[in-house]
Amino acid sequence: FGASVYYGEADQQRILLGDEKQTARTLLVEGHVQFRWKGIELRALGTYGHLSNARNLTLALFPDSGDPTDPETSLLASSVYGYYVEAAYDFWRLFKSKRNMYLAPFIRFENYNTQASTPTIAGRTADKSKNQYILDAGVTFKPHPQVVLKVNYREIWSEASSKKADAVYFGAGFVY
């Protein structure tokens, strides 16, 4: 298990709203845990982020043109979050092979929202499609501890009920 926290300036005092420099502070918090026992693997990770002064930064970076037929709708979030939980099982351990291989089907559920909370600005609202849910299932194979081959199926939908096309991913990796 582990965790990390970052808090600091995010603006470099270069953003102007009128003649006034805008400041922003960022808070990022992350925590994770992993458990392995007799081939069973469980993982979870969660993260949260906060941006201060999101309203003024939004107005400075995405000013409203004043034209009602073309309103500016960009909106910086004041907070974001994300997490996932995953379960896997290494079936290779059931074979009596002396080779150090790994074969594990897995399933993962993720949720992240890049506009969890937004400032109140007339004519602008948070985009509900930014609240994404992902279900991922697949298989990881390691013919060698430094080589990985992976295939997975992914289904994505959002709070706005806009289902995205399902996808199948193939991947390979090498650690040297």
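## A predicted strand-rich model: salt bridges, rings and surface

Val151 is found in strand β9, and it is a handy place to start in this predicted model. The protein holds 1 helix and 10 strands, which run β-β-β-β-β-α-β-β-β-β-β from the N terminus on. Of its 176 residues, 26% are buried. Below are the contacts and surfaces you may like to look at on screen.

**Nonpolar surface patch**

- With a relative accessibility of 32%, Val151 counts as partly exposed, because buried means under 20% and exposed over 50%.
- Val151 belongs to a nonpolar surface patch of about 460 Å², made together with Val139, Tyr153, Val168 and Phe170.
- Two elements, β9 (147-158) and β10 (167-174), give two or more residues to this patch.

**The helix**

- Helix α1 covers residues 54-61, and its buried residues are Ala54, Leu57, Thr58 and Ala60.
- Looking down the axis of α1, you find these buried residues within an arc of 165°, so they line one face of the helix.

**Salt bridges**

- The whole structure has 8 salt bridges.
- A network of salt bridges links Glu41, Arg43, Glu86, Arg108, Glu110, Asp136 and Arg154.
- Within this network, Arg43 and Glu41 meet through their side chains at 2.8 Å, N to O, and both residues are buried.
- Glu86 and Arg108 also form a salt bridge, at 2.6 Å from N to O.
- That pair links distant parts of the chain, with Glu86 in strand β6 and Arg108 in strand β7, 22 residues apart.
- Both partners are buried: Glu86 has a relative accessible area of 10%, and Arg108 has one of 15%.
- Arg154 forms a salt bridge with Glu110, and their closest N and O atoms are 4.0 Å apart.
- Because Arg154 lies in strand β9 and Glu110 in strand β7, this pair ties together parts that are 44 residues apart in sequence.
- Glu110 is buried as well, with a relative accessible area of 15%.

**Aromatic rings**

- The structure contains 7 aromatic pairs.
- In one of them, the ring centres of Trp92 and Phe141 are 6.3 Å apart and the planes are at 55°, so the pair is tilted.
- This pair links distant parts of the chain: Trp92 is in the loop between β6 (79-89) and β7 (102-117), while Phe141 is in strand β8 (residues 131-144), 49 residues apart.
- Trp92 counts as buried at 17% relative accessibility, whereas Phe141 is partly exposed at 24%.
- Elsewhere, ring pairs join Tyr83, Phe109, Tyr133 and Trp157 into a cluster.

**Charges over rings**

- Arg108, which forms the salt bridge with Glu86, also lies over the face of Tyr84, at 5.7 Å from the ring centre.
- Lys142 has its charged end over the ring of Tyr102, 5.0 Å from the centre.

**The loop between β6 and β7**

- Arg99 is found in the loop between β6 and β7, the loop that also holds Trp92.
- Arg99 is exposed, with a relative accessible area of 53%, whereas Trp92 is buried.
- Arg99 and His144 are 45 residues apart in sequence, yet their C-alpha atoms are 8.5 Å apart in space.

Definitions and conventions. Residues numbered from 1 in each chain as written. Predicted model: local features only at pLDDT ≥ 70, side-chain atom pairs only at ≥ 80, totals over all residues. Heavy atoms only, no water. Buried < 20%, exposed > 50% of the residue type's maximum accessible area, 1.4 Å probe, protein only. Helix = DSSP H or I, 4+ residues; strand = E, 2+ residues; numbered from the N terminus. Arc of directions from axis to C-beta. Patch = residues over 30% accessible without salt bridge, like charges linked within 9 Å, V, L, I, M, F, W, Y side chains within 5 Å. Areas by Shrake-Rupley, 256 points an atom, 1.4 Å probe, with all protein chains shown as cover. Phe/Tyr/Trp six-rings, centres within 6.5 Å; stacked < 30°, edge-to-face > 60°. Lys NZ or Arg CZ within 6 Å of the ring centre and 35° of its normal.
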